[in-house]
Amino acid sequence: MPTSFPTRFAHAATGLALCTLGLTPGLAQTKPTAANTLTVQVNKPGAPVSPIMYGLFFEDINFAADGGLYPELVKNKSFEIQGQHFIGWNAIRGGAGLQTYTVVSDKPISATNNHFARLTAAQASPDAGFINEGFRGMGVKEGGEYTFSVYLRRGPGSVGGLNVTLEEEGRRGAGPEAAASGRVLAQTKITGLTGEWKKYTAVLKSAGTASHARLKLTLDGAGTLDIDVVSLFPKDTYKNRENGLRTDLVQLLKDMQPGFLRFPGGCIVEGRTLSERYQWKETIGDVAARVPLVNRWNMEFKHRSTPDYYQSFGLGFYEYFQLSEDIGAEPVPILNVGMACQFNSSELAPVTSSTATGGPSANEQHNHADDPTLDTFIQDALDLIEFANGPASSPWGAKRVAMGHPAPFNLKYIGIGNEQWGPQYLERYEPFMKAVKAKYPKMNIVSSAGPSPDGELFDKASKRLRELKAEVIDEHYYAKPEWFRENVGRYDNYPTTGTKIFAGEYAAQTVAIGSPDNKNSWDAAISEAAFMTGLERNADKVVMASYAPLFAHVDAWQWTPDMIWFDNLKSYGTPNYYVQKLYAVNKGTTMLPVQRAGNAKNGQDNLFSSAVADDKTGEIIVKLVNYSPEARPVTINLQGVKKLGKAGRATVLASSDLNAVNTLDQPMNVAPKDEPFKVSSSNVTYTLAPNSFTVLRIPGKR
Ligand code: AHR
C-alpha cells in the first residue's frame, strides 16, 4: 500500500498494468502506412454525447485560489493563522521604527476573527509600520483601481492616522531586511480613528504596472494602533463583483465552454488529518469572518516546499457555485466521506449505528467538530444540497439567499469522497450514498475508484460500486504520455449499461508522477488528445472528463504539469489546455462510430480518430490525431451523410517539436489555427500535419 505521495507516484509511474488491458506497449512514432481511410458511420449513430462531457477540475494547489483565481492581494489579512500570525507581514527594517508589534486578542472584532495586530511607536517615524508581501508580490496595473479596506482601533498615544502606500518591491523577496522601497504606485491616509473598531475604505489607483508590488502601512504619529482585516482587492473582477475573481483566469475557463466544475479538489477535500479537512460551512457568509486553514499542499513535496500556503476561503462554496453559473458549468462539489488523506494520516470518522440505519437523526445533526462521526459528514452533504437548492424558508437555503442568490444553484451532482480506496471507503460510501438518496433521490452521486487506474483496489471498488448501482465512478490516471496513447481502447470493453465513468483527474506526466520536471509539452498534450478519442468513442460509458490540476502560479507551484499557468499579471493556456478546449467546444451531440480500412484499430500506426454529429449546428465533427513526424493524407468516408455542404473548417493544433511548450512570453507557441477546406464529396480528403491534432467540422446531417 502506498503511504505517501512521492511513493505512490513512483509506484504509479512504473506499475501500470498495461498488458492486462490487451494493448500494444511501447508504440514509438512510426511512419504512416496505407490504412488511412476512415469510414464515419453517419447513418449508424451511437450514444448521445453527455452534455457535460468535458469539464474542469479545480483544486487549491499551486496557489490556484489565494494568489490566483481569488485576487485578494493581501496575504493573511486577518492575522488568524495559528502559530504564524504574521505570515506575509514584515515589520519595516525589522521593527526598528516600532516599540512593539505583536498579535493580540484583546477585545477582538469577533469571536471567530479574534486576533489582530497591535503596533506601538514610541515616536513618529516613516519606519513605524509593516509591509504585506502579497502572494509572491502583488500584481497591479497602471490606472487600475484597488479597494483598500481595514479595521482600525486607536489605542493610547496620539496616532492620527494610517499611511497606506502601494509600492513596487525595492528588492525582490520582501524579507524583513528588504527595507528599500521601490517606486510609489499609490498612496492614501486613513484618518478619523476612534477608540472602537471601525471599518475604513479607500480606493488606490495605481500609477504604474508592477508584477511585484507590496502594501506598506505606517502609523501617522506616536502611540498604539490596532489593525485587522486588511484587504486590497482589485475593482476589475469578473462581472465586477466585490468579492469577485480574476478576470483573465475566469475568461480562460469560460472560453473552454466547460460542462462542469469540480471543486474544491482533490486531496484538499480530505486534509492530511480530519481536523484539517475542507469544511464547506466554514467557507460561506461574511468573507472577513472566514477562518484560514493550512493548505495540505504546503509541505507535501520537499522539493517544492511552500510553508506559507494557507487557505483564506475568500473563494468559498458560494463563490464556487457562482463561478459555475458564470461559466455555464454544472457544479460538482466533492465532499469528504469521513476519511483524511490515505497518503497521509488515514484518519477515519467512525461509522455509527444511525448512519447504518439511514442517516443522522435530528438530535444528531450538530457538527462534532472535534470528534466527528460519519453522521457529521453526511449531514454536511445534506445541508450543502439545501444550501444550493433549498428555498429561502429552509435554514441553509436562507443563507444562500442572504449571500445574494435567491434562485437555487440547481445542484445535480455531488461526489462522495475524493480519491479514497479500500474497504474503509466502501463502508462509508454506502450509508452516505443511501442517506443522500433517501432525501434527494434525483441527486447524481459521483463515487471513487481510488488513485490508480487498475489493480486490485481499483477492481474491487469498481465491482462493488457497480453492485451498488453507483451512477458515476471517478477514475484517475496520471501516467506517461505513451500510457495515454496505448490505453486509447481503455473503455472499449466496459459495460454499456449501468454505472457511467467520470475520468475525473488525468494528465500525462513527461517524467514521472510528482516530478518537478514534468512539462506541459506538446508530447503530453497530443497523447492526451489521442486518448480522448477513446473517451469520445465510448460516449455510452464515459460521461465526464477533466484534466488535473487546473492552475499553477509560476512562482508558487507544487505540482506540475497543470493546465493553465499564470503570474501576478498574466496567464496562458498550455497545449493541454487547447486540447481540452478543442474537445469541449467540439463535443457535438451524438457519437458516430469510426472504422479504419483493413480493420485497423484506433491508434494503430499512431493514427487516432473519433467522430460526432452536432445536431444543433448540422455538422459532422471528426477528430484526428497524427502522432507521427510525417504529414498524413486521410480519406474520410461519411457513410450515409445527408445535406452535405461544401465549406469545411479545420482547426489544427500542431508542432513539429514534441517538446514544445507555451510560456508567459510565448503563450501561443502551440495554439489552434483555423483554416477552411473544401468538401467535394462524401469522401472527404485532408492531409494531417505532422504531430497534429485536427478537428474537422463538415456541414452535413445524420
Ligand atoms: O491533482 C492533484 C492530486 O492528484 C489531487 O489532489 C488528488 O486527487 C490526486 O492524487
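The expected span of a helix is 1.5 Å times one less than its number of residues. The exercises below apply this and other ideas to a predicted model.

**Exercise 1. Compare the span of helix α5 with the expected span, and decide how far the helix is covered.**

Solution. Begin with the extent of the helix: α5 covers residues 374-389, which gives 16 residues. Next, take the distance from the first C-alpha to the last, which is 23 Å and lies close to the expected 22 Å. Finally, turn to the surroundings of the helix, where 15 of the 16 residues of α5 are buried, so that α5 is described as mostly covered, buried meaning under 20% relative accessible area.

**Exercise 2. Find out which elements cover the buried residues of helix α3.**

Solution. Start with the helix itself, since α3 runs over residues 317-327 and has ten of its eleven residues buried. Among these buried residues are Phe317, Tyr320, Phe321 and Ile327. The cover over them includes the strands β2 (56-57), β14 (260-263) and β17, together with the helices α2 (247-255), α5 and α6 (395-402). As a last step, look just past the helix, where Gly328 follows α3 with a positive phi near 75 degrees.

**Exercise 3. Place Gly338 in the chain, and determine whether Gly338 is buried or exposed.**

Solution. First locate the residue, which sits in the loop that joins β17 (330-335) to α4 (353-356). Gly338 counts as buried because its relative accessibility is 0%. Then list the partners: apart from neighbours within four places in sequence, Gly338 is in contact with residues including Leu274, Leu348, Phe377 and Arg428. For Phe377, which is 39 residues away along the chain, the C-alpha atoms of the pair are separated by 6.1 Å.

**Exercise 4. Identify the residues closest to the ligand, and give the distances of polar side-chain atoms from its oxygen atoms.**

Solution. Of the 13 residues that surround the ligand, the closest are Glu59, Cys267, Glu419, Tyr478 and Glu505. A polar side-chain atom of Glu59 is 2.5 Å from a ligand oxygen atom, the corresponding distance for Tyr478 is 2.7 Å, and for Glu419 it is 2.9 Å.

**Exercise 5. Judge the confidence of the model along the chain.**

Solution. Take the overall values first: the mean pLDDT of the protein chain is 93, and 91% of its residues reach 70 or more. Then turn to residues 9-27, where the pLDDT is below 50 and the stretch has 27 contacts in the model beyond near neighbours in sequence. Residues 361-368 also have a pLDDT below 50, with ten such contacts.

Methods:
Residues are numbered from 1 along each chain as its sequence is written. This is a predicted model: local features need pLDDT of at least 70, side-chain atom pairs count only at pLDDT 80 or more; totals for chains, interfaces and linings use all residues. Side-chain values use heavy atoms; hydrogens and water are left out. pLDDT is the predictor's confidence in each residue, from 0 to 100. Contact means heavy atoms within 4.5 Å. Helices (H or I, at least four residues) and strands (E, at least two) are DSSP runs, numbered from the N terminus. Buried means under 20% relative accessible area, exposed over 50%, partly exposed in between (1.4 Å probe, protein chains only). A residue is near a molecule or strand if one of its heavy atoms lies within 4 Å of it. A polar contact is a pair of N or O atoms within 3.5 Å; within protein, one must be able to donate a hydrogen and the other to accept it, and residues adjacent in sequence count only if both atoms are side-chain atoms.
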